[in-house]
Amino acid sequence: PGGVCVANRDLITSETGRTDIDLVWVDANQEAKALGNLMTAGNIALGELNARVGFIEHKFIEDGLCHVFSGKNTKLIPLNIGAYMRSVEPLNGNGK
């Protein structure tokens, strides 16, 4: 009870009927397409969740994304950080 569930509206079409959690609908695929890379949908959802719950400082998310996309994939770092921040900024100004 009292938790938060972030659901991708582009993939899930039915309501849960649950009243014990806050259900947050995100158009993650649509947002990711707008960024030009569907693979960023997870980071959009992560940003939405962290904006609402605040479970980790944004810097640590960014550090983690830099680590995950290091090596051959460094060009994907700004794209994925941008996807994460896309959900964070509208809710929290400049993030947490």
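Student: Which side chain meets that of D63 in a salt bridge, and at what N to O distance?

Tutor: This is a predicted model, so read each contact as part of a computed picture. The partner of D63 is K59, and their side chains meet at 2.8 Å, N to O. That sits inside the 4 Å cut-off for a salt bridge.

Student: Where do D63 and K59 lie, and how many residues apart are they?

Tutor: Both belong to helix α3, residues 58-68. They are four residues apart, so about one helical turn separates them. As for exposure, K59 has 49% relative accessibility and D63 has 37%. Buried means under 20% and exposed means over 50%, so K59 counts as partly exposed, and D63 likewise counts as partly exposed.

Student: How many salt bridges does the structure hold?

Tutor: There are five salt bridges. Another of them joins the side chains of R9 and D27, with 3.1 Å from N to O. This pair links distant parts of the chain, 18 residues apart. R9 is in the loop between β1 (3-8) and β2 (21-26), and D27 is in the loop between β2 and α1 (28-35). R9 is partly exposed at 42% relative accessibility, and D27 is partly exposed at 26%.

Student: Which residue forms a salt bridge with R52?

Tutor: That is E48, and the two side chains come to 2.8 Å, N to O. R52 and E48 both sit in helix α2, four residues apart, or about one turn of the helix. Their exposure classes make a nice reading exercise. R52 is partly exposed, with a relative accessible area of 46%, whereas E48 is buried at 10%.

Student: Let us stay with helix α2. Is I44 buried or exposed?

Tutor: I44 lies in helix α2 and is buried, with 0% relative accessibility. You can also place I44 by comparing sequence and space. I44 and D27 are 17 residues apart in sequence, while their C-alpha atoms are 8.9 Å apart. For contrast, try K59, which lies in helix α3. K59 and I12 are 47 residues apart in sequence and 30 Å apart in space, C-alpha to C-alpha.

Student: How should I read a nonpolar core, and which residues make up the largest one here?

Tutor: In soluble globular proteins, nonpolar side chains tend to be buried together. In this model the largest nonpolar core has nine residues: A51, I61, L65, F69, I77, I81, Y84, M85 and V88. Two elements, α3 and α4 (77-92), give two or more residues to this core. The largest share, five residues, comes from α4.

Student: Where is V88, and how far is its C-alpha atom from that of L49?

Tutor: V88 is found in helix α4 and is buried at 0% relative accessibility. The C-alpha atoms of V88 and L49 are separated by 8.6 Å, although the two residues are 39 apart along the chain.

Student: Y84 is a member of that core. Which residue makes a polar contact with its side chain?

Tutor: That would be H58, whose side chain is joined to that of Y84 by a polar contact of 2.4 Å. H58 lies in helix α3 and is buried, at 5% relative accessibility.

Student: What about the surface? Which residues make a nonpolar patch there?

Tutor: V4, V53 and F55 make a nonpolar surface patch of about 230 Å². V53 has its place in helix α2, residues 41-53. Patch residues need over 30% relative accessible area, and V53 has 42%, which makes it partly exposed.

Student: Last topic: how many disulfides are there?

Tutor: A disulfide is a covalent bond between the sulfur atoms of two cysteines. The cut-off between the sulfur atoms is 2.5 Å, and by this rule the count comes to zero. Among the residues to look at are C5 and C66. C5 is partly exposed, with a relative accessible area of 32%, and C66 is partly exposed at 33%.

Definitions and conventions: Residues are numbered from 1 along each chain as its sequence is written. This is a predicted model: local features need pLDDT of at least 70, side-chain atom pairs count only at pLDDT 80 or more; totals for chains, interfaces and linings use all residues. Side-chain values use heavy atoms; hydrogens and water are left out. Buried means under 20% relative accessible area, exposed over 50%, partly exposed in between (1.4 Å probe, protein chains only). Patches are made of residues with over 30% relative accessible area and no salt bridge: like charges are joined within 9 Å, nonpolar side chains (Val, Leu, Ile, Met, Phe, Trp, Tyr) within 5 Å. Accessible areas come from the Shrake-Rupley method with a 1.4 Å probe; for residues, only the protein chains shown count as cover. A polar contact is a pair of N or O atoms within 3.5 Å; within protein, one must be able to donate a hydrogen and the other to accept it, and residues adjacent in sequence count only if both atoms are side-chain atoms. A nonpolar core is a set of buried Ala, Val, Leu, Ile, Met, Phe, Trp, Tyr and Cys residues joined through side-chain atoms within 4.5 Å.
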